[in-house]
Amino acid sequence: SLPFAALQLGLDKRLSKATAKMGFVYATMVQAKFIPLALSGKDILARARTGSGKTAAYSLPLLQKLLVSKEKSLAAGEPGEASVKAVVLVPTRELVDQVRAHLWELMYYCRDVLTVMGLSGESVEAQQARLRDRPDIVVATPARLLAHLKSGALSLRDSCEMLVVDEADLVLSFGHSADMHSLAPFLPRSCQCFLMSATLSDDLRSLQSVLLHSPVVLKLEEGREKGKLAQYYVTVPQRDKLLL
């Protein structure tokens with residue numbers, strides 16, 4: 001494992017300090033491979049299992065890009081109107097809250113500059129009211145994001161610089177496939193995009209062709225002992241499966 005400092009990523013000091021504060025001493029394989037490619041502007045399709053450190057792998061380049069963009073605007077004396085510049089899509093509302101919290105921690109030293117909003121448990125109407133503040137980053141499920149785009153409460157075509165689809169295989173298997181394909185017309189053509197997935201299926205390749213432009217494909221295998229996540233399953237009667 002490489003220390004974060006040894007990677008020489010050129011991250012903003014505020015982000016480097018936040019990773020140290022969070023106890024990120026050594027970069028995981030996905031972080032070491034993914035972050036330099038992402039910072040170079042590539043679209044990426046990455047196969048990396050849950051618990052491999054992939055949330056930080058895509059969050060750090062996302063925050064870095066937004067900080068650089070803000071600095072350029074301020075230096076040019078053109079702060080511009082507030083707008084949504086990055087979107088992270090996840091399969092469930094619970095993951096919306098988790099990813100938002102992770103981004104919030106990485107933003108510890110730049111919360112005065114960047115804002116993030118998670119669209120999870122509230123009503124559509126309550127979220128529409130909050131979206132009027134135009135956060136820099138929105139974390140949502142595909143269905144909820146699409147609802148706001150169709151209603152006109154949110155617009156991405158002229159502002160969005162980055163799109164991340166986390167747990168992309170689950171996004172598709174949880175019934176969001178049609179929503180994902182419906183999102184494409186609402187996105188700008190020049191948007192940098194990351195697809196993070198534990199598996200690479202035919203459905204994912206179909207989505208890749210819609211969202212990604214000449215992507216780098218990373219197939220990362222880490223030893224079992226490196227993962228920090230314990231996973232369990234419980235057998236239930238078929239009739240109770242959906243209820244549970």
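Modeller: Before we start, two residues are in contact when heavy atoms lie within 4.5 Å of each other. The model is predicted, so local features need pLDDT of at least 70 and side-chain atom pairs pLDDT 80 or more, while totals for chains, interfaces and linings use all residues. Residues are numbered from 1 along each chain as its sequence is written, and side-chain values use heavy atoms, with hydrogens and water left out.

Colleague: Let's begin with L212. Where is L212 found, and is it buried or exposed?

Modeller: L212 is in the loop between α8 (202-211) and β9 (216-219). Helices (H or I, at least four residues) and strands (E, at least two) are DSSP runs, numbered from the N terminus. Buried means under 20% relative accessible area, exposed over 50% and partly exposed in between, with a 1.4 Å probe and protein chains only. Because its relative accessibility is 7%, L212 counts as buried.

Colleague: Which residues does L212 contact, leaving aside neighbours within four places in sequence?

Modeller: L45 is a good one to start with: 167 residues separate L212 from L45 in sequence, yet their C-alpha atoms are 8.2 Å apart in space. With those sequence neighbours left aside, the contacts of L212 are D43, I44, L45, C193 and L195.

Colleague: Now L45 itself. How much of L45 is accessible?

Modeller: L45 belongs to strand β3 (residues 44-47). Residues up to four places away not counted, L45 touches L195, L200, L204, Q208, L212, P215, V216, V217 and L218. L45 counts as buried because its relative accessible area is 4%.

Colleague: How far is L45 from Q128, C-alpha to C-alpha?

Modeller: Q128 is one of the residues of α5 that meet α6. Along the chain, L45 and Q128 are 83 residues apart, and in space their C-alpha atoms are separated by 31 Å.

Colleague: You mentioned α5 and α6. At what angle do their axes cross?

Modeller: Axes are lines fitted to C-alpha atoms, for helices over the stretch in contact, and angles run from 0 to 180 degrees between N-to-C directions. The axes of α5 (residues 124-131) and α6 (residues 142-151) come within 11 Å and cross at roughly 65°. The two helices are therefore roughly perpendicular (65 to 115 degrees; under 35 is roughly parallel, over 145 roughly antiparallel, the rest oblique). From α5, V124, Q127, Q128 and L131 take part, and they meet, in α6, R144, H148 and S151.

Colleague: In strand β4, which residues point the other way from A86 and V88?

Modeller: Side chains in a regular strand alternate between the two faces of the sheet. In β4 (residues 86-89), A86 and V88 point one way, all four residues are buried, and pointing the other way are V87 and L89.

Colleague: What is the bridge partner of A86 in β7?

Modeller: Strands pair if DSSP finds at least two bridges between them. β4 has four parallel bridges with β6 (residues 137-140), where A86 stands opposite I137. Four bridges also join β4 to β7 (residues 162-165), again in parallel, and there the partner of A86 is M162.

Colleague: One last pair. R134 and S214 both have positive phi; what is the relative accessible area of S214?

Modeller: R134, in the loop between α5 and β6, has phi near 50° and is partly exposed because its relative accessibility is 27%. S214, in the loop between α8 and β9, has phi near 45°, and is not a glycine. S214 counts as exposed because its relative accessible area is 69%.
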